Amino acid sequence: MQPLSVVIVHRNQPERLVDTIDAFRAQDLPVAITIVDNGSTVMPPVEAADVAVVLTGGNHGFGPAANVGYRKFLADQDAGEWVVLAPHDALPEPTCLSHMLRVLAGQPRAGLACADVGDGTTPVVDPYFGGILVPASVDSGWEKAGHPHGTLMFARRACLDEVGIFDERYFAYCEEADLALRARDAGWESGLVRGAMVKNAYVGSTAAVIDYLQLRNTLLLVREHSGRYHVFIRFCIALIDLATGAVLPARRGPYWNVRARLRALADFLRGRYGPPPADLLVQR
């Protein structure tokens, strides 16, 4: 059986990376793993017959690092129909990948798909709010989704060939939604495979970085795919949220940071994308 191509994006989490490699090796089908390392200061000795390591030389973000792996996969015409993408702390159950492949065999227009994190929700794309979660509509098998989540994501070669790979302006967050919307416009479907289980409970970025990227990138996503009117409304909602959250702590989101939100709004207006500002990377 041909090994399934797996791309793992890593940065400075060597113990979690080793656990993730072990989880993919424990699958009930063979895999060929490519580690794309985002400028780690510590890298475990993981290169082996079934694991290749590509060094990017810096922290280029999840989407740009994933693209390194995608390009490697697309350049190899013998690498199969599907490529799997995951971060360095994804832990798929032993039947996760084979379960997904069985379900995807019955979905000829599926271009993108993700595993089940067990939270009972489905990712969708709202024209004003971008990527959001709604209650699941099925208990098992294929469920159409607005976009896959990046915890463990399958991409079909033909879909990537047609619509391209991640837009690197996003750096991290919202790039899966953007790719899914481009795929949808080309006639491809995105979905979630219920029962193909994966765990991923670790959050590696600072709250300020997450708050900044989620807001800035949501505004970019809404503008690119819904238009100027929708992004104007979303921008106004962000201002209202900022004002109400400043005086009502109960209205704040899980990654609330005033400085990060102000920078996100300003950077969106001036078209600054890519990496977050360096000062937001420092814990305060």
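## Surface and charge

In this predicted model, the protein chain exposes about 12,700 Å², and carbon and sulfur atoms supply 56% of that area. The side chains of the protein chain include 27 that are positive and 31 that are negative, and the centres of these two sets lie 8 Å apart.

## Overall fold and dimensions

The protein chain is built from 8 helices and 11 strands. Its radius of gyration is 19 Å, close to the 19 Å that the globule rule gives for 284 residues, so the chain is as compact as a globular protein of that length. Taken along the principal axes, the box filled by the C-alpha atoms of the protein chain is roughly 60 × 40 × 35 Å.

Of the 284 residues in the protein chain, 51% are buried. Among contacts with a separation of 6 or more, 74% are made by residues 24 or more positions apart.

## Nonpolar cores

The largest nonpolar core holds 50 residues, of which Y70, L85, L112 and L160 touch the most other members. Helix α6, spanning residues 207–226, contributes the largest share of this core, with 9 residues. Apart from this core lies another, of 30 residues, which includes L97, M100, A110 and A196.

The surroundings of L112 can be described in further detail. When neighbours within four places in sequence are left aside, L112 is in contact with W142, P148, M153, F154, A155, C159, L179, A180, A183, E189, S190 and G191. Of these partners, L179, A180 and A183 are also listed among the buried residues of α5.

## Covered helices α3 and α5

Helix α3, which runs over residues 96–104, is mostly covered, with 7 of its 9 residues buried. The buried positions are C96, L97, S98, H99, M100, V103 and L104, and two of them, L97 and M100, are named among the members of the 30-residue core.

Helix α5 is likewise mostly covered, since 8 of its 11 residues are buried. These buried residues are E175, E176, A177, D178, L179, A180, L181 and A183, a list that includes the acidic residues E175, E176 and D178 alongside alanine and leucine. The helix is followed by G187, whose phi is positive, near 95°.

## Positive phi angles between α4 and α5

Most residues other than glycine have a negative phi. Against that background, Y173 has a positive phi of about 80° although it is not a glycine, and C174, also a residue other than glycine, has a positive phi near 80°.

Y173 lies in the loop between α4 (157–163) and α5 (175–185), and C174 lies in the loop between α4 and α5 as well. Their exposure can be set side by side: Y173 is partly exposed, with a relative accessible area of 30%, whereas C174 is buried, with a relative accessible area of 15%.

## Selected positions in β7 and α7

D126 is placed in strand β7, which covers residues 121–126, and at 22% relative accessibility D126 counts as partly exposed. The C-alpha atom of D126 is separated by 24 Å from that of P64, and these two residues are 62 residues apart along the chain.

Helix α7, which covers residues 228–247, holds Y229, and A246 lies in helix α7 too. Y229 counts as exposed at 55% relative accessibility, while A246 is partly exposed, with a relative accessible area of 46%. The C-alpha atoms of Y229 and K72 are separated by 39 Å, the two residues being 157 residues apart along the chain. A246 and N257, which are 11 residues apart in sequence, lie 9.6 Å apart in space from C-alpha to C-alpha. Leaving aside neighbours within four places in sequence, A246 is in contact with R252 and W256.

Notes:
Residues numbered from 1 in each chain as written. Predicted model: local features only at pLDDT ≥ 70, side-chain atom pairs only at ≥ 80, totals over all residues. Heavy atoms only, no water. Helix = DSSP H or I, 4+ residues; strand = E, 2+ residues; numbered from the N terminus. Rg over C-alpha atoms; globule rule 2.2 N^0.38 Å. Buried < 20%, exposed > 50% of the residue type's maximum accessible area, 1.4 Å probe, protein only. Contact = heavy atoms within 4.5 Å. Areas by Shrake-Rupley, 256 points an atom, 1.4 Å probe, with all protein chains shown as cover. Lys, Arg positive; Asp, Glu negative; His and termini not counted. Charge placed at Lys NZ, Arg CZ, Asp CG, Glu CD. Core = buried A, V, L, I, M, F, W, Y, C linked by side-chain atoms within 4.5 Å.
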